[in-house]
Structure formats: C-alpha cells, structure tokens
Amino acid sequence: MKRALALVLLILLLVPLVLADEYGEEDEYEAGYTAFAVAGVAMIAVGVIYYSLTKRKLLIIHKKSSEWGFEIKPEQPYVTVFGPIYPLTIHHVLTITGTLLVFVHFFSCDNYSGLAGGTGLSMAITLVLLNVSGFVGRYIHGKVTLAAKKHDSAMAKKFVRILGHWKKVHIALAIIFAILLIIHLNAVD
C-alpha cells in the first residue's frame, strides 16, 4: 500500500513537467495549471470532510478491514466504510497530495503582486503552516496513544491538553485558508 501511494505521489509530481501550460502563453500575472489547483483544493476538502464526518460518526463510520468496501444503511450513521487504513491516514494522504497539486499552480506564477497574487502567496504560506501543524498534531496524537498504552494517565492528560490547544490552532489556520481562498477566487478573472 505504501509503495502504491508513493507511486501515485511521484506520478502527480511528474505530470506537470510533462504537460504544457493550459494556453501555451506566458503571462507573468497569471498562474498556470489551474486544473491542478482545483483538483488539489478538492482533495484537501474531501480529506477534511471525510475525516470530520468519520471522527464524529455523524454520517459515516469507518471500520478497519483488510479490504475496501462500504455499506449503506437507512439509519444513522448512514454509511459504513471498510478499509485497511484509518481515516486520519486518509486525511493525511489527501491533504498532502492536494497541497502538492496546489503548489504546482502556485509555482507557475511569476508575479505575486495585486490581490490575486497576494492571496495566492498567503494561501501557500498557510498551506505550509497547516501541513507542518498536521505533522505536529500527528506527533502529539502519537504521544497520547503511547501514554495510554503505558497506562500513564498524567502524561496522557498532559498531551490531551496540548492536543486541545493544537486543534484550535489547526482549525484557525484552516479557516484562514478558506477565507483566503474565497478572496483569491473573487480576485482572479
């Protein structure tokens, strides 16, 4: 599974080098590869929504299984997804891959002046901070799990408290990204 994910990421990173720009023209005020940005933001959104819905068990529950599958039920939660990896891992793969796709679009721009360029630059910085924050959160979550396995309640409580503070920062960064995205989309032609 890890090799397949690595292969997909490698292909996604190499595709922009093979494909030509959308119009074949260079305009220093416009970024190319808009389709990559759209796909990237969509992947990020799906990763966030899927993780949020499975974590809260509102509409979807995720059960660990050796094979992928799903089951639809008429009562809540309406969908049960079966898979060999956890929802948090799905969230990580989709958001990191989405960020890489968005960066293809971001790096194709030569000029970051104006509202569109400024919000684009701000979104790129926010995405970097979100991804770094995600890795920090994964580290803290690992510490909580380790403390629970060792039955060290004092250490577990300490890291749960830290995780609560981290969550507020991570959500604030996600909201900032969403606001910047709305401004950016309204600023471009």
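This text walks through the structure above, from its overall plan down to single residues. The model is predicted, so please read each feature below as part of a prediction.

Let us begin with the whole chain. How many helices and strands does the protein chain have? Its secondary structure comes to 5 helices and 3 strands. If you follow the chain from the N terminus, the elements run α-α-β-β-β-α-α-α, with the strands β1, β2 and β3 following two helices and leading on to three further ones. The chain has 189 residues, and buried residues make up 31% of them. Its accessible surface comes to about 12,300 Å², and 69% of that area belongs to carbon and sulfur atoms. Contacts tell us something about the fold as well: among those between residues at least 6 apart in sequence, 56% join residues at least 24 apart.

Now find the strands. They form an open sheet of 3 strands in the order β1-β3-β2, with mixed pairing. β1 (60-64) and β2 (69-72) stand at the edges, and each has a single partner strand, so one side of each is left without a neighbour in the sheet. On average, neighbouring strands of this sheet are turned by 20° against each other, direction ignored.

What does "mixed" refer to here? Strands of a sheet pair through backbone hydrogen bonds, either parallel or antiparallel. This sheet has both kinds of pairing. β1 and β3 (residues 79-83) pair in the parallel sense over 5 bridges. To see this pairing residue by residue, look for H62, which stands opposite V81 in β3, and then for K63, which stands opposite F82 in β3. β2 and β3, on the other hand, pair in the antiparallel sense over 4 bridges. Here E71 stands opposite T80 in β3, while I72 has V79 of β3 as its bridge partner.

The link between β2 and β3 is worth a pause. A hairpin joins these two strands through 6 residues. P77 is found in that loop between β2 and β3, and the peptide bond from Q76 to P77 is cis, with omega near -10°. Why point this out? Most residues other than glycine have a negative phi, and most peptide bonds are trans. The bond between Q76 and P77, being cis, departs from that general pattern.

The sheet also has a helix packed on it. Helix α2 (residues 34-56) touches β1 and β3, and the direction of this helix makes about 85° with that of β1.

Two other residues are worth finding for their backbone angles. Y33 lies in the loop between α1 (2-18) and α2. Phi of Y33 is near 55°, a positive value in a residue other than glycine. The second is H151, in the loop between α4 (114-149) and α5, with a positive phi of about 60° although it is not a glycine. Are these residues buried or exposed? Y33 counts as buried because its relative accessibility is 16%, under the cut-off of 20%. H151 is exposed, with a relative accessible area of 73%, which is over the 50% cut-off.

Next, look at a place where distant parts of the chain meet. C109 has its place in the loop between α3 (87-107) and α4. At 10% relative accessibility, C109 counts as buried. Which residue can you look for beside it? Try E30: the C-alpha atoms of C109 and E30 are separated by 6.0 Å, although these residues are 79 apart along the chain.

Finally, turn to the surface. L115, I171, I175, I179 and I183 form a nonpolar patch there, with about 440 Å² of accessible area together. Which helix gives the largest share of this patch? That helix is α5 (residues 153-187), which contributes 4 residues. One of the patch residues, I175, lies in helix α5. I175 is partly exposed, with a relative accessible area of 47%; this value falls between the 20% and 50% cut-offs.

Note on methods:
Residues are numbered from 1 along each chain as its sequence is written. This is a predicted model: local features need pLDDT of at least 70, side-chain atom pairs count only at pLDDT 80 or more; totals for chains, interfaces and linings use all residues. Side-chain values use heavy atoms; hydrogens and water are left out. Two strands pair if DSSP finds at least two bridges between them. Axes are lines fitted to C-alpha atoms, for helices over the stretch in contact, and angles run from 0 to 180 degrees between N-to-C directions. Contact means heavy atoms within 4.5 Å. Patches are made of residues with over 30% relative accessible area and no salt bridge: like charges are joined within 9 Å, nonpolar side chains (Val, Leu, Ile, Met, Phe, Trp, Tyr) within 5 Å. Accessible areas come from the Shrake-Rupley method with a 1.4 Å probe; for residues, only the protein chains shown count as cover. A salt bridge is a side-chain nitrogen of Lys or Arg within 4 Å of a carboxyl oxygen of Asp or Glu. Buried means under 20% relative accessible area, exposed over 50%, partly exposed in between (1.4 Å probe, protein chains only).
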